[in-house]
Amino acid sequence: MESTTTPQADALPRAILAKAGARAASAAGPRWLPWAKAAVFVAALYPLARIVLFGFTDRLGANPIEFITRSTGLWTLVFLCITLAVTPLRRLTGWNALIRFRRLLGLYAFFYAALHFTTYVWFDKWFDVAAMLKDVGKRPFITVGFAAFVLLIPLAATSTRAMARRLGRRWQTLHRLVYAIGVLAILHFWWMKAGKHDLVLPKLYGAIMLVLLGWRAGVWLLARWRSARSGAGVA
Ligand code: HEM
């Protein structure tokens, strides 16, 4: 059948459709992305799988609760660092697809923090508030860990695209809380290990966090300096 539209009239919707298609394709990302995400999702379950495996094979040591608390605490910190490394790596390598993994990694940080917290409150203290308060009095680093965990909750709750869209600019402001969480996590770890005179790991993670947060501070200062300079140039 012959077309009833003129070539010009036909070209417009086609161009719009092509543009919309390109936008949809770029929003969906490269074709390998779902597989890479699935691989990261499975790999990130390793710390949990290790605990379960050790549990079944009687390898959690003399104090299994302590083992689980320490393991989940350390993995929370590892996922926090990896999540915070996404933006600098993306900027330095120009590999924009990295951003697609940030939410997943951040949610894993929250997941291990929730396991860490639950192990302490449930299996270590059996929901005994008096025992917890006594423990906090003796080991104040727990309060710092608790503050970090509380701050992670709104970030996890607003991590979806729909929430980001709904909150607009406020979403970015809210998600800057992750910097405070990073500092609190290091303080929690450092304080805990200082009591045991074993600061090797806290120093290592502290240095990593310093680089990750320092890089952001540097980018921010540079942007301010540039805008002040261009402002002065205009005036
Ligand atoms: C973002 C939140 C948190 C992070 C990143 C974190 C991280 C850590 C790390 C790295 C350790 C040391 C692990 C090791 O010895 O190798 C640790 C230990 C510990 N954390 Fe957390 N933590 C967090 C939240 C919490 C919360 C909410 C609680 C409890 C209310 C808590 C209670 C503890 C306790 C009791 C230990 C010491 C266990 C022991 O004495 O062996 N932490 N945490």
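Reader: I've got the structure open. At what angle do helix α5 and helix α7 pack, and how far apart are their axes?

Author: Two packed helices are described by the angle between their axes and the distance between the axes. Here, helix α5 (residues 102-124) and helix α7 (residues 141-157) pack at about 135°, and their axes are 10 Å apart. That makes α5 oblique to α7. Keep in mind that this is a predicted model.

Reader: Okay. In which hand does α5 pass α7?

Author: The crossing of α5 past α7 is left-handed.

Reader: And which residues meet there, α5 with α7?

Author: A good habit is to look at each helix in turn. From α5, you'll find Leu107, Phe110, Ala113, Ala114, Phe117 and Tyr120. They meet Ile142, Phe146, Phe149, Leu152, Ile153 and Ala156 of α7. By class, this contact has 12 nonpolar residues, with no polar and no charged ones.

Reader: Let's stay with α7. What angle does α7 make with α10, and what is the distance between their axes?

Author: Same two numbers to look for. The angle between α7 and α10 is about 155°, and the axes lie 8 Å apart. That makes α7 roughly antiparallel to α10, since angles over 145 degrees count that way. The crossing of α7 past α10 is again a left-handed one.

Reader: Which residues of α7 and α10 meet?

Author: On the α7 side, the list includes Phe141, Val144, Gly145, Ala148 and Pro154. On the α10 side, Leu177, Leu184, His188 and Trp191 are among them. Sorted by class, the contact of α7 with α10 has 18 nonpolar residues, 2 polar and no charged.

Reader: What about α4 and α10: at what angle do they pack?

Author: For α4 and α10 the angle is about 145°, with 11 Å between the axes. α4 passes α10 in a left-handed crossing too. Arg70, Leu74, Leu77, Leu80 and Leu84 of α4 make this contact with Val178, Tyr179, Ile181, Ala185, Ile186, Phe189 and Met192 of α10. In this contact, 11 residues are nonpolar, none is polar and 1 is charged.

Reader: Now for pockets. What is the volume of the largest pocket?

Author: With a pocket, you can ask about its volume, then its lining. The largest pocket has a volume of about 1400 Å³. Its lining counts 37 residues, and Thr87, Ile99, Arg102, Trp171 and His175 are the ones nearest its centre.

Reader: Which helices each supply at least two residues of that lining?

Author: They are α4 (64-93), α5, α7, α8 (161-167), α9 (169-175), α10 (177-194) and α11 (200-234). By class, the lining of the largest pocket has 20 nonpolar, 7 polar and 10 charged residues.

Reader: And how about the second largest pocket: what is its volume?

Author: That one is about 1100 Å³. It is lined by 41 residues, and Thr69, His116, Phe141, Ile142 and His188 are the closest to its centre. Two or more lining residues come from each of α4, α5, α6 (129-138), α7 and α10.

Reader: Which helix gives the largest share of that second lining?

Author: That's α4, with 9 residues. As for class, the lining of the second largest pocket divides into 25 nonpolar, 9 polar and 7 charged residues.

Note on methods. Residues numbered from 1 in each chain as written. Predicted model: local features only at pLDDT ≥ 70, side-chain atom pairs only at ≥ 80, totals over all residues. Heavy atoms only, no water. Axes fitted to C-alpha atoms, helices over the stretch in contact; angles between N-to-C directions. Helix = DSSP H or I, 4+ residues; strand = E, 2+ residues; numbered from the N terminus. Parallel < 35°, antiparallel > 145°, perpendicular 65-115°, else oblique. Left-handed = near helix turned anticlockwise from the far one by under 90°. Contact = heavy atoms within 4.5 Å. Nonpolar A, V, L, I, M, F, W, Y, C, P; charged D, E, K, R; others polar. 1 Å grid on protein atoms, 1.4 Å probe; cavity = no way out; pocket = protein on both sides within 12 Å on 5 of 7 lines; lining within 4 Å. Points joined across faces, edges and corners; volume = space filled by probe spheres on them.
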